[in-house]
Amino acid sequence: MKISGTTKLIGILGRPVAHSLSPKMQNAAFEAMGLDICYVPLEVAPEDLENALRGLSAMNFLGANVTIPHKVPTAKMLSRLEGAALITGAVNTIVNQNSSLVGHNTDGAGFIRSLNEVADIDFQTSAALLFGAGGAARSLAVALAESGIARLALVNRTLEKALAIERLLKQHFPELTTSVQPPGEVNEELYASSKIVINATSIGLEGDLKMPFVAVDRLTKDHVVCDIVYTQSQETPFLSAARGKGATTLGGLGMLLHQGAAAIQLWTGIEPPMEVMRGAIES
Ligand code: ATR
């Protein structure tokens, strides 16, 4: 990559950010697209977030991605939010439009696109079982609702957080059937009637890939099982156990790929080369 006097910058704001695969993936895309853009990791402490955002427009960045722990605080600091960012109150992509920063969220759309790559799902007649109620789960819940899913069961250790997502869904998608339960109360019938089972908890992020509280024995070849935790070299034990039961599986790399591609489309208006991006994160 050549940095010149005209190179434009895009950053990823997070803490920690050093482990992120996004710089490798996005720079590979910009290079293949022949664009004079450089994507840089920016480690930002929570107390510096507001200044960092001002810096993006002061230094004329094209935009940025936003990751843990800044997605929700960023949404509160930007004067304009669009689409899923407006509903979820979380931002993963910023576009600098004439020095005005506009917040978007491509996580949910990225998840649905990666889901459609591995399975042919009729959302209108399907149900989903979603474990977790943090920021990631919120984005997936909204994206599933936007895709027209018939029924969504929300499961979380801290019930109040799942109830908060349910309230949000009822407000924006009144026709959607929802339920909320603690992990211990997910029964056989719920597994059997849910086509999609998702682990959107952060278990596994801390290095040791522990199994989440999903009853793997209840999974079958009819399930599509997703884990948002991404590991570069191997699948999570949860996903390999699900695959062992014959389920179709989807790891977090697909979501990473598609949320990043959707962000590039927002910054440049051009469809990025998916295979180049996929190659960069898998190599
Ligand atoms: P993110 O923004 O990535 O979703 P988060 O907001 O910290 O991260 O949410 C983490 C999710 O993982 C939450 O649903 C959390 O459950 P609680 O709401 O009960 O905290 C879940 N989680 C993390 N560690 C867990 C554990 N050991 N057992 C059960 N759930 C866990």
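Asn98 sits in the loop that connects strand 5 (93-97) to strand 6 (100-104). In this predicted model, Asn98 has a positive phi of about 50 degrees although it is not a glycine. Most residues other than glycine have a negative phi, and most peptide bonds are trans. Two cis peptide bonds, two open sheets with their helices, and a ligand site are described below.

**Cis peptide bonds**

- The bond from Arg15 to Pro16 is cis, and its omega is near 0 degrees.
- Pro16 belongs to the loop between strand 1 (8-14) and helix 1 (22-32).
- Ile68 and Pro69 are also joined by a cis peptide bond, here with omega of about 5 degrees.
- Pro69 is found in the loop between strand 3 (63-66) and helix 3 (71-77).

**The sheet with mixed pairing**

- Six strands form an open sheet in the order 2-1-3-5-6-4, and their pairing is mixed.
- Strand 2 (37-43) and strand 4 (80-81) are the edge strands; each has a single partner strand, so one side of each has no neighbour in the sheet.
- Within this sheet, strand 1 and strand 3 are paired in the parallel sense through four bridges.
- Ile10 is placed opposite Gly63 of strand 3.
- Helix 1 packs on the sheet and touches strand 1, strand 2 and strand 3. The direction of helix 1 makes about 170 degrees with that of strand 2.
- Helix 10 (residues 252-268) packs on the sheet as well, with contacts to strand 1, strand 2, strand 3, strand 5 and strand 6. The direction of helix 10 makes about 5 degrees with that of strand 5.

**The sheet with parallel pairing**

- Another open sheet of six strands has the order 9-8-7-10-11-12, and the pairing here is parallel.
- Strand 9 (177-181) and strand 12 (248-250) are at the edges of this sheet, each pairing on one side only.
- From one strand to the next, the twist averages 15 degrees.
- Strand 10 (residues 196-199) and strand 11 (residues 224-227) run parallel and are joined by four bridges.
- Val197 has Val225 of strand 11 opposite it.
- Helix 5 (residues 107-118) lies across strand 10, strand 11 and strand 12, and runs at about 150 degrees to strand 12.
- Helix 6 (residues 135-146) lies across strand 7 (127-131), strand 8 (151-155) and strand 10. Helix 6 runs at about 170 degrees to strand 7.

**The ligand site**

- There are 14 residues around the ligand, and those that come nearest are Ala133, Asn156, Arg157, Thr158 and Lys161.
- The shell of residues around the ligand consists of five nonpolar, seven polar and two charged residues.
- Ala133 takes part through its backbone: one of its backbone N or O atoms is 2.8 Å from an oxygen atom of the ligand.
- Asn156 takes part through its side chain, where an N or O atom is 2.7 Å from a ligand oxygen atom.
- Thr158 likewise has a side-chain N or O atom at 2.5 Å from an oxygen atom of the ligand.
- The ligand taken alone exposes 640 Å², and the protein buries 70% of that area.

Methods: Residues are numbered from 1 along each chain as its sequence is written. This is a predicted model: local features need pLDDT of at least 70, side-chain atom pairs count only at pLDDT 80 or more; totals for chains, interfaces and linings use all residues. Side-chain values use heavy atoms; hydrogens and water are left out. A residue is near a molecule or strand if one of its heavy atoms lies within 4 Å of it. A polar contact is a pair of N or O atoms within 3.5 Å; within protein, one must be able to donate a hydrogen and the other to accept it, and residues adjacent in sequence count only if both atoms are side-chain atoms. Accessible areas come from the Shrake-Rupley method with a 1.4 Å probe; for residues, only the protein chains shown count as cover. Ala, Val, Leu, Ile, Met, Phe, Trp, Tyr, Cys and Pro count as nonpolar, Asp, Glu, Lys and Arg as charged, and the others, Gly among them, as polar. Two strands pair if DSSP finds at least two bridges between them. Axes are lines fitted to C-alpha atoms, for helices over the stretch in contact, and angles run from 0 to 180 degrees between N-to-C directions. Contact means heavy atoms within 4.5 Å.
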